[in-house]
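Colleague: Could you walk me through how to read side-chain contacts in a model like this one? I am happiest when we go feature by feature.

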Amino acid sequence: VDYLRNLRNDLFTEISKTRKSKFYHKSKSNYADLKDFDFEKMLNHYSKKYPKIEKTELAGMINFSIYLFYMR
C-alpha cells in the first residue's frame, strides 16, 4: 500500500507543477488536455522508478492522474 501511495504522491507532485514539470509541454488546445504532458516520457520514467507495477497498469494510473490532478 505504501508503494502505491508513494507513486500517487510522486504523480500528484509532478503534475501539480504544471508548467514547471519536466513532462509538461502545452498542446495546441486552448483547454487542458491529456497531451499537455509527455505521456511516453512519464511512463518510461515512472516504470523505472516503480518496477513492481506492470507498465500497462502504470499507463492507466498516469492517464487517470493527469485527468484527476490537472484536467479537473
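Colleague: Let me start with a single residue: is tyrosine 50 buried or exposed?

Modeller: Keep in mind that this is a predicted model. Tyrosine 50 is buried, because its relative accessible area is 5% and the cut-off for buried is under 20%. Tyrosine 46 is buried too, at 3% relative accessibility.

Colleague: How is a pair of aromatic rings described?

Modeller: By two values, the distance between the centres and the angle between the planes. Here the count comes to eight aromatic pairs. In one of them, the rings of tyrosine 46 and tyrosine 50 have centres 6.5 Å apart and planes at 25°, so this pair is stacked. Phenylalanine 64 and tyrosine 67 form a tilted pair, with ring centres 6.3 Å apart and planes at 40°.

Colleague: Where do phenylalanine 64 and tyrosine 67 lie?

Modeller: Both sit in helix H3 (residues 55–71), and because they are three residues apart, about one helical turn separates them. Phenylalanine 64 is partly exposed at 49% relative accessibility, and tyrosine 67 is partly exposed at 41%.

Colleague: Which residues do ring pairs link into a cluster?

Modeller: The cluster is made of Tyr3, Phe23, Tyr46 and Tyr50. Tyrosine 3 also has a charged neighbour: lysine 52 lies over the face of its ring, at 5.1 Å from the ring centre. In a similar arrangement, arginine 8 lies over the face of phenylalanine 12, at 5.3 Å from the ring centre.

Colleague: Now to opposite charges. How many salt bridges does the structure hold?

Modeller: There are four. To read one, look for a side-chain nitrogen of Lys or Arg within 4 Å of a carboxyl oxygen of Asp or Glu. Aspartate 10 and lysine 49 pass that test at 2.9 Å, N to O. Their pair links distant parts of the chain, 39 residues apart: aspartate 10 is in helix H1 (residues 2–16) and lysine 49 in helix H2 (residues 39–49). Aspartate 10 is partly exposed at 22%, and lysine 49 is partly exposed at 44%.

Colleague: What does lysine 26 form a salt bridge with?

Modeller: Its partner is aspartate 36, with the closest N and O atoms 3.5 Å apart. Both residues lie in the loop between H1 and H2, so the pair ties together parts that are 10 residues apart in sequence. Lysine 26 is partly exposed at 38%, whereas aspartate 36 is buried at 0%.

Terms used: Residues numbered from 1 in each chain as written. Predicted model: local features only at pLDDT ≥ 70, side-chain atom pairs only at ≥ 80, totals over all residues. Heavy atoms only, no water. Helix = DSSP H or I, 4+ residues; strand = E, 2+ residues; numbered from the N terminus. Buried < 20%, exposed > 50% of the residue type's maximum accessible area, 1.4 Å probe, protein only. Phe/Tyr/Trp six-rings, centres within 6.5 Å; stacked < 30°, edge-to-face > 60°. Lys NZ or Arg CZ within 6 Å of the ring centre and 35° of its normal.
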